[in-house]
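Subject: Structure for your review

Dear colleague,

Please find below the structure that I am handing over to you. I would be grateful if you kept it open while reading the notes that follow.

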Amino acid sequence: MSRFLNPAYQSLDAYTPGEQPKDTVYTKLNTNESPYPAGPKTVQAVCDETAAANLRLYSDPDSTQLKRALAERYQLKPENVFVSNGSDDILNFAFLSFGQDGVAMPAISYGFYPVFADLHHLEAERIPLEEDFSIDPGKFRNKGKMVVIANPNAPTGLTITLDDIASICESDPDHVVLIDEAYVDFGAESCLPLIGKYKNLLVVQTFSKSRSLAGARLGFAFADPELIGDLERIKYSTNPYNVNSITSRAGVAALSEDDYYRGNAGKIMEERRRTTEELTALGFQVIPSLANFIFVTSPDIDGGELYQKLKERRILIRHFSDPAIAQYNRITIGTPEEMDILLEAIRAIIAERGES
Ligand SMILES: *Cc1c(COP(=O)(O)O)cnc(C)c1O
């Protein structure tokens with residue numbers, strides 16, 4: 001028990017972020033960051049001296065320029081756009097704003113969803129995945145509550161189709177369907193074209209993964225103007241200056257060099273293909289991923305043990321304690337050099353086990 005904390009939050013089980021070690025240099029394949037630096041225009045925008053001096057001014061609470069740039073890039077209107085301090089922040093607003101009848105989510109998905117439900121005292125219905133970790137969209141129709149699905153899902157990398165999403169939206173028009181597209185730029189299909197059709201669809205994306213700006217904290221969402229207005233009202237009731245002026249500049253600049261980031265996403269997709277192939281040859285089972293990570297298991301080595309042995313070799317991957325996926329590890333796709341380091345270490349670990 002904490003002496004000062006509101007009793008309503010005493011049992012809150014907070015989200016555990018992936019390790020960000022300060023002690024040693026690791027090959028870091030654990031938090032799905034981009035292995036490639038922010039693009040030259042993005043860097044220039046952040047380093048601008050006038051912009052730095054202008055930090056004395058509050059940032060634009062309407063994020064006018066950024067919303068305009070996002071609307072242009074995704075062929076929607078600024079009224080369809082919401083931006084905030086990372087997409088986690090948008091998820092928080094969405095749970096707070098639309099979760100009053102409860103929230104349905106896949107039992108295995110982004111670990112922050114149940115935390116937000118808990119934080120806002122919403123009933124979380126965790127719907128089991130199928131045997132192969134896929135999502136059965138039928139189980140998300142007619143829920144009578146908000147539905148949250150990551151597409152591609154985390155940590156599996158598996159997707160559902162636009163028809164599936166449309167059918168979920170259609171089945172329960174009075175509740176929000178939130179599709180978290182944090183990983184959509186690595187080969188999946190975005191459901192943005194459905195925005196005009198379904199007033200209850202909220203699509204959330206981020207600059208953290210495909211656009212190399214995890215540290216800048218910039219997330220964005222698209223929906224019908226009515227839903228965006230609801231989010232704005234909550235934002236103006238908590239933190240009107242939710243996107244700082246330097247991050248806003250970074251976002252606009254990043255959108256102006258989209259080819260650079262698309263090129264990086266292409267390199268990551270190619271590396272995902274190669275790593276999948278090599279791990280499969282080593283006896284691993286690799287779930288076919290459309291994200292910048294792969295979810296893998298091996299009949300020859302325990303999931304937790306592989307994580308530990310790689311950590312001893314200064315390579316970080318992500319292991320989850322949930323018994324349903326404890327035999328698996330999530331590996332972020334890095335540069336070809338980083339993946340070579342990983343593959344070599346895994347070969348050595350397997351060989352060592354063969355000897356003992
Ligand atoms: C990384 C991630 C986020 C959070 O992204 P930020 O914009 O950095 O807050 C949201 N959803 C999923 C599924 C993610 O993997």
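Strands, in these notes, are DSSP runs of E with at least two residues, numbered from the N terminus. Please note also that the model is a predicted one.

**A patch on the surface**

With strands defined in this way, Leu-12 can be placed in the segment before β1, the strand of residues 27-28. Together with Leu-5 and Tyr-9, Leu-12 makes up a nonpolar patch on the surface. The accessible area of these residues together is about 230 Å². Leu-12 itself has a relative accessibility of 32%, and therefore counts as partly exposed.

**An enclosed strand**

Is strand β7 enclosed or open to the outside? Six of the six residues of β7 (residues 201-206) are buried, so the strand is largely enclosed by the rest of the structure. In a regular strand, side chains alternate between the two faces of the sheet. Both faces of β7 are covered. On one side Leu-201, Val-203 and Gln-205 are buried, and on the other side so are Leu-202, Val-204 and Thr-206.

Strands of a sheet pair through backbone hydrogen bonds, in either a parallel or an antiparallel manner. Strand β6 (residues 177-180) pairs with β7 in the parallel sense, over four bridges. Ile-179 has Val-203 of β7 as its bridge partner. The pairing of β7 with strand β8 (residues 219-222) is antiparallel, again over four bridges. Here the bridge partner of Val-204 is Ala-221 in β8.

**An open sheet**

Another sheet is open and consists of three strands, in the order β9-β10-β12, with antiparallel pairing. Its edge strands, β9 (285-286) and β12 (329-332), each pair on one side only. Between β10 (residues 293-297) and β12 there are four bridges, in the antiparallel sense. Phe-295 stands opposite Arg-330 in β12.

**Salt bridges**

How many salt bridges does the structure hold? The number is 22. One of them joins Lys-145 and Glu-125, whose closest N and O atoms are 2.5 Å apart. This pair links distant parts of the chain, since Lys-145 lies in the loop between β4 (124-127) and β5 (146-150), while Glu-125 belongs to strand β4, 20 residues apart. Lys-145 has a relative accessible area of 9% and is therefore buried, whereas Glu-125, at 24% relative accessibility, counts as partly exposed.

Helix α9 (residues 258-281) offers a further example, as Glu-271 and Arg-274 both lie in this helix, three residues apart, about one turn. These two residues form a salt bridge, with 2.6 Å between the closest N and O atoms. Arg-274 also forms a salt bridge with Glu-278, where the corresponding distance is 3.5 Å. Arg-274 and Glu-278 are four residues apart in α9, which is again about one turn of the helix.

Which of these residues of α9 are buried? Glu-271 is buried, with a relative accessible area of 5%, and Arg-274 is buried as well, at 18%. Glu-278, at 25% relative accessibility, counts as partly exposed. Glu-271, Arg-274 and Glu-278 are linked with Asp-340 and Arg-347 in a network of salt bridges.

With kind regards

Notes:
Residues numbered from 1 in each chain as written. Predicted model: local features only at pLDDT ≥ 70, side-chain atom pairs only at ≥ 80, totals over all residues. Heavy atoms only, no water. Patch = residues over 30% accessible without salt bridge, like charges linked within 9 Å, V, L, I, M, F, W, Y side chains within 5 Å. Areas by Shrake-Rupley, 256 points an atom, 1.4 Å probe, with all protein chains shown as cover. Salt bridge = Lys/Arg side-chain N within 4 Å of Asp/Glu carboxyl O. Buried < 20%, exposed > 50% of the residue type's maximum accessible area, 1.4 Å probe, protein only. Pairing = 2+ DSSP bridges.
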